[in-house]
Amino acid sequence: MEIDIICVLYCSNVEDDRHLFFSCPYSQSIWRGVLAILGLSRGVQIQWCTSKFSGKSPDAILKKLAFNSYIYHIWAERNMRCFTEKRNSTDSVLHQIIEVVRIKFLAQNIKVPDKDRNRSLFNKWSINVNFTLPRTIQYVWNKPLSDEFMINTAGSLSQSGAGYSDILRDHIGDAIAAVSGTSRPLSITIHELQGIEAGLLLASEYSISCICIASDSKVAVSYFSSKNKEVPWRATRVWKRIQRLTKRFEICNIVHIYRETNRAADYLAKLRHTTEFLVFTPCSFAQDLKDIVFEDKMGKLYFHF
Ligand SMILES: [Zn+2]
């Protein structure tokens, strides 16, 4: 015979895990307090949090601690009421949750980047953290070695369509040619790979034998650096074509670069030409692109935060 257990948190509903943590008015009142102090909307559901509270950033750690503390304290309150005459108000439980989160967060000695968002969040929790200034890295566009050519490549995918682009430059930084094309929207990784393929074809057309390909896509670069990593099945064809093309070159290196130094290729990728593979030379570059190429050549500093 099944016996329904009535919720002990001041309500007359049947108690199960779902009711206890998700729908009991007592728990919900505390949960709303936790959300408010986390700066999250009242509509955020606990189920949503279990799948979204991930990562290692200070605010992600704080959210996970808050969530765990909430679950622990609701369960503890429920047990206390089952076995003793004691009971806490929702305000009291919320206060306990906050205290535990504060102590646990401070014990981890986590460095928190000094951003307005973080200051506001940790102020709400009254957690005196040591804010650190965000690290800024300076970069210039990397010139290739004297006997190499550099291909900067990019893929793009947005609501307005998909495309890819490349710009080929010599070791001084002067542009030789550029290519830009459109594609049926697929996935950003595929468009990044299409960009690499187009760059290899462009270098082939100019009978270049030593190239360095620079991409800001860590995923695309990882396929070259890790032999065990498989490309998605939809990218298999373009990947096989790339592998065949790379054999045409004496030297063919691929490197990852920060997006800030990939401005020329990024600019081209957003042009959305109507043809699939359009090659053009520096004399037909738009002034904006000429300016980017010139600034890269002169060693303009780019900042990566
Ligand atoms: Zn209840």
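**View 1. Helix 7 packs against helix 9 in this predicted model.** Helix 7 covers residues 188–205 and helix 9 covers residues 236–246. Their axes are 10 Å apart and meet at an angle of about 25 degrees. Angles under 35 degrees count as roughly parallel, so helix 7 and helix 9 are roughly parallel to each other. The crossing of helix 7 past helix 9 is left-handed. Helix 7 brings Ile 190, Leu 193, Gln 194, Ile 196, Glu 197, Leu 200, Leu 201 and Ser 204 to the contact. Helix 9 answers with Val 238, Trp 239, Arg 241, Ile 242, Leu 245 and Thr 246. Sorted by class, the contact of helix 7 with helix 9 holds 9 nonpolar, 3 polar and 2 charged residues.

**View 2. Helix 2 packs against helix 4.** Helix 2 runs over residues 25–38, and helix 4 over residues 58–83. The packing angle is about 165 degrees, and the axes are 11 Å apart. Angles over 145 degrees count as roughly antiparallel, so helix 2 and helix 4 are roughly antiparallel to each other. Helix 2 passes helix 4 in a right-handed crossing. On the helix 2 side, the residues are Ser 27, Ile 30, Trp 31, Val 34 and Leu 38. They meet Lys 63, Ala 66, Tyr 70 and Ile 74 of helix 4. This contact of helix 2 with helix 4 has 7 nonpolar residues, 1 polar and 1 charged.

**View 3. The span annotated in UniProt as "domain: RNase H type-1".** An unreviewed UniProt entry lists residues 158–270 under this name. In the model, 39% of the span is helix and 27% is strand. The C-alpha atoms at the two ends of residues 158–270 lie 9 Å apart.

**View 4. Ser 126, a loop residue with a positive phi.** Most residues other than glycine have a negative phi. Ser 126 is not a glycine, yet its phi is positive, about 55 degrees. Ser 126 sits in the loop between helix 6 (116–124) and strand 2 (131–132). Is Ser 126 buried or exposed? Ser 126 has 10 other C-beta atoms within 10 Å. A residue with 12 or fewer counts as exposed, so Ser 126 is exposed.

**View 5. Ser 207, another serine with a positive phi.** The phi of Ser 207 is about 50 degrees, although Ser 207 is not a glycine. Ser 207 belongs to the loop between helix 7 and strand 7 (210–215). Within 10 Å, Ser 207 has 7 other C-beta atoms, so Ser 207 is exposed.

**View 6. Cys 283 in the loop before helix 11.** The loop that holds Cys 283 lies between strand 9 (278–280) and helix 11. Cys 283 has 6 other C-beta atoms within 10 Å and is therefore exposed. Cys 283 and Ile 213 are 70 residues apart in sequence. Their C-alpha atoms are 23 Å apart in space.

**View 7. Gln 287 in helix 11.** Helix 11 spans residues 287–297 and includes Gln 287. Gln 287 counts as exposed because 7 C-beta neighbours lie inside 10 Å. Gln 287 and Leu 201 are 86 residues apart along the chain. From C-alpha to C-alpha, Gln 287 and Leu 201 are separated by 25 Å. Leu 201 is one of the helix 7 residues in the contact with helix 9.

Notes
Residues numbered from 1 in each chain as written. Predicted model: local features only at pLDDT ≥ 70, side-chain atom pairs only at ≥ 80, totals over all residues. Axes fitted to C-alpha atoms, helices over the stretch in contact; angles between N-to-C directions. Helix = DSSP H or I, 4+ residues; strand = E, 2+ residues; numbered from the N terminus. Parallel < 35°, antiparallel > 145°, perpendicular 65-115°, else oblique. Left-handed = near helix turned anticlockwise from the far one by under 90°. Contact = placed C-beta atoms within 7 Å. Nonpolar A, V, L, I, M, F, W, Y, C, P; charged D, E, K, R; others polar. Buried ≥ 20, exposed ≤ 12 C-beta atoms within 10 Å, placed from the backbone. UniProt positions renumbered as here; feature names shortened; annotations may be inferred.
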